[in-house]
Amino acid sequence: MIGICTKCGNHQWDKEVKGDEIHCPKCGNSWKFIKLPLFILTGCSGIGKTTTAMEIIRRKAEFTVLDGDMFYNIMPHETEEDYYDQVEQIGSLSKNLMQTGLPVLWTMAGNLDKLSKTYNSRFFREIYCLAMVCEEELLRARMRDGRGITDEGWIQSSVDYNHYFKTHRQLGDMAFDTWDISGKTPAEAADYVIQWVAGAMRLHKL
């Protein structure tokens with residue numbers, strides 16, 4: 001919606017963004033918009049992203065919380081192009097929701113490396129990622145006992161992804177912060193994420 005030119009009706013994804021102003025290359029029209037940071041809560045499958053997000057929602061935090069799986073469930077997910085399309089939709093929805101004045105936080109496990117390469121990334125001040133990590137045995141217990149997962153391949157892939165987040169600070173060109181939730185309650189995790197978002201907003205004086 002905010003990317004559609006009200007002067008010529010150009011709805012193509014071809015807009016230029018400078019600061020908080022959008023420019024239409026077809027007619028030269030420009031208009032202002034609310035440009036906010038985009039927040040991503042990531043981590044391996046079973047780490048507790050959804051549980052934390054639900055706790056944040058109960059707190060009525062000053063940002064919108066959404067689950068990236070909504071696009072995985074309704075869009076193709078076989079090729080790299082499919083995943084880029086999903087990430088584009090995350091960006092497209094976010095830039096419009098942000099016009100209410102509230103930032104958006106998504107829970108998503110993968111595709112972090114695609115976030116900054118999409119067309120819609122130009123509509124955000126910055127993209128922040130926080131990866132939740134935990135001890136390996138705790139993760140295995142969460143998956144087996146908490147979620148009833150018996151597929152050893154799935155469990156091992158989560159263990160490996162969790163290890164990546166613990167030993168790296170970047171995926172592709174997307175940097176991320178980490179926070180170890182071992183021994184933390186959902187309430188403590190929610191508090192941490194809320195403060196993490198608030199800190200970034202203060203950094204941008206928002």
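In this report, Ala, Val, Leu, Ile, Met, Phe, Trp, Tyr, Cys and Pro count as nonpolar, Asp, Glu, Lys and Arg as charged, and the others, Gly among them, as polar. The model is predicted: local features need pLDDT of at least 70 and side-chain atom pairs count only at pLDDT 80 or more, while totals for chains, interfaces and linings use all residues. Residues are numbered from 1 along each chain as its sequence is written, and side-chain values use heavy atoms, with hydrogens and water left out.

**Pockets and the cavity**

Rolling a probe the size of a water molecule over the atoms shows where empty space is left. On a 1 Å grid over the protein atoms alone, a cavity is a set of points where a 1.4 Å probe fits but cannot get out, and a pocket is an open set with protein on both sides within 12 Å along at least five of seven lines; lining residues have an atom within 4 Å of a point. Grid points are joined across faces, edges and corners, and a volume is the space filled by probe spheres set on the points.

| Space | Volume | Nonpolar | Polar | Charged |
|---|---|---|---|---|
| Largest pocket | about 710 Å³ | 11 residues | 13 residues | 6 residues |
| Second largest pocket | about 160 Å³ | 7 residues | 2 residues | 2 residues |
| Largest cavity | about 40 Å³ | 5 residues | 4 residues | no residues |

The largest pocket has a volume of about 710 Å³. Of the 30 residues that line this pocket, S45, K49, D69, M108 and A109 are the closest to its centre. Helices and strands are DSSP runs (H or I, at least four residues, for helices; E, at least two, for strands), numbered from the N terminus. At least two lining residues of the largest pocket come from each of α1, α2 (69-74), α3, α4 and α5.

Around the second largest pocket, the lining includes S116, E126, Y128 and M174. Strands β7 and β9 (174-175) each supply at least two residues of this lining, and β7 gives the largest share, with 3 residues.

The structure holds 1 cavity of 30 Å³ or more. Among the residues that line the largest cavity are L38, V87, I90 and F124. Helix α3 (residues 80-97) gives the most to this lining, with 3 residues.

**Helix α5**

Helix α5 covers residues 152-167; at 1.5 Å a residue, its 16 residues should span 22 Å, and its end C-alpha atoms are 22 Å apart, which agrees. The expected span is 1.5 Å times one less than the number of residues. Residues I155, S158, V159, N162 and F165 of α5 are buried (under 20% relative accessible area, with exposed over 50% and partly exposed in between, for a 1.4 Å probe and protein chains only). The buried residues of α5 fall within an arc of 125 degrees seen down the axis, so they line one face of the helix; the arc is that of the directions from the helix axis to the C-beta atoms. These buried residues pack against β4 (38-42), β7 (127-133), α4 (136-146) and β10 (177-180), where contact means heavy atoms within 4.5 Å.

**Individual residues**

T52 lies in helix α1 (residues 49-58) and counts as buried because its relative accessibility is 3%. Leaving aside residues up to four places away in sequence, T52 touches L41, M132, A189, A190 and V193.

Most residues other than glycine have a negative phi. K60, in the loop between α1 and β5 (64-67), has a positive phi near 55 degrees, and K60 counts as exposed at 69% relative accessibility. K205 is found in the segment after α6 (186-203); the phi of K205 is likewise positive, near 55 degrees, and K205 counts as exposed at 78% relative accessibility.
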